[in-house]
Amino acid sequence: MPKADILFDKTEFVLRMADKQAMTMNIRADQITTITFQPTMQKKLFKKVPSEVMLIKTKGGAGGPGGGADGMPITKEALESKEKGSWDKAKKQMLKFAKDNNITVHEDNEMWTPPQMGGGGPM
């Protein structure tokens, strides 16, 4: 499971993600068009449990590096892999960051599912 950490400043935040290889992104407020919070389901052992995802859409691309049509996803599990309760802290900081920088925030009730890799159709 990927691990993530967010550090906030007044006009940008730094997102560090590590799965197989660590990646750090500085995302300025003027690059962000919307931030959406959506429910999702995450696999945990042999079952799926309710969770939440933060989708960040940027200008010039749906979600910047690694983002799909929905935006760049940051899951609750990725943030809480280092410290329990860090999702609520990051969500509160993101809402303040969005308000301070006039970024549109959506709370969506529709279930988000991660994009599927590959397609497999006739070639």
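Reader: Let's start with K91 and E107. What kind of contact do their side chains meet in, and how many Å is it from N to O?

Author: This is a predicted model, so every value here is computed from it. In it, the side chains of K91 and E107 meet in a salt bridge. K91 lies in helix α2 and E107 in strand β7 (residues 104-107), so the pair ties together parts that are 16 residues apart in sequence. From N to O, the distance is 3.9 Å.

Reader: Is K91 buried or exposed?

Author: Buried means under 20% relative accessible area, so that's the number to check. K91 has a relative accessible area of 16%. That makes K91 buried.

Reader: Which residues are linked with K91 in a network of salt bridges?

Author: We've already met the bridge from K91 to E107. E52 forms a salt bridge with K91 too, and there the closest N and O atoms are 2.8 Å apart. That second pair links distant parts of the chain, with E52 in strand β5 (residues 47-58) and K91 in helix α2, 39 residues apart. So within 4 Å counts as a salt bridge, and the residues in the network with K91 are E52 and E107.

Reader: Which ring does K91 lie over?

Author: Here a charge counts as over a ring if NZ of Lys is within 6 Å of the ring centre and within 35 degrees of the ring normal. K91 sits at 5.0 Å from the ring centre. The ring whose face K91 lies over is that of F37.

Reader: OK, and F37 also pairs with W87. Is that aromatic pair stacked or edge-to-face?

Author: F37 lies in strand β4 (residues 32-44) and W87 in helix α2, so the pair ties together parts that are 50 residues apart in sequence. Both residues, F37 and W87, are buried. Their rings are 6.4 Å apart centre to centre, with 80° between the planes. Planes over 60 degrees apart get the second name, so the F37 and W87 pair is edge-to-face.

Reader: How many aromatic pairs are there in the whole structure?

Author: One of them is F13 with F97, which is edge-to-face at 5.5 Å centre to centre and 85° between the planes. F13 is in strand β2 and F97 in helix α2, 84 residues apart. At 0% relative accessibility F13 counts as buried, and so does F97 at 3%. Searching the whole structure gives a total of four aromatic pairs.

Reader: Which residue joins F13 and F97 in one aromatic cluster?

Author: F13 and F97 are already an aromatic pair. The cluster has one more member, and that's F8.

Reader: Which element gives the largest share of the lining of the second largest pocket?

Author: That pocket holds about 200 Å³ of space, and F8 is among its lining residues, along with D5 and K89. Its lining divides into six nonpolar, two polar and four charged residues. Two elements, β1 (3-8) and α2 (86-100), each supply at least two residues of the lining. The largest share, five residues, comes from β1.

Reader: D5 is in that lining, then. Which residue does D5 meet in a salt bridge?

Author: D5 lies in strand β1, and its partner is in strand β2 (residues 12-18), so the pair ties together parts that are 11 residues apart in sequence. The partner is partly exposed, with a relative accessible area of 36%. The bridge is 2.4 Å from N to O, and the partner of D5 is R16.

Terms used
Residues are numbered from 1 along each chain as its sequence is written. This is a predicted model: local features need pLDDT of at least 70, side-chain atom pairs count only at pLDDT 80 or more; totals for chains, interfaces and linings use all residues. Side-chain values use heavy atoms; hydrogens and water are left out. On a 1 Å grid over the protein atoms alone, a cavity is a set of points where a 1.4 Å probe fits but cannot get out, and a pocket is an open set with protein on both sides within 12 Å along at least five of seven lines; lining residues have an atom within 4 Å of a point. Grid points are joined across faces, edges and corners, and a volume is the space filled by probe spheres set on the points. Helices (H or I, at least four residues) and strands (E, at least two) are DSSP runs, numbered from the N terminus. Ala, Val, Leu, Ile, Met, Phe, Trp, Tyr, Cys and Pro count as nonpolar, Asp, Glu, Lys and Arg as charged, and the others, Gly among them, as polar. Buried means under 20% relative accessible area, exposed over 50%, partly exposed in between (1.4 Å probe, protein chains only). Rings of Phe, Tyr and Trp (its six-membered ring) pair if their centres lie within 6.5 Å; planes under 30 degrees apart count as stacked, over 60 as edge-to-face and the rest as tilted.
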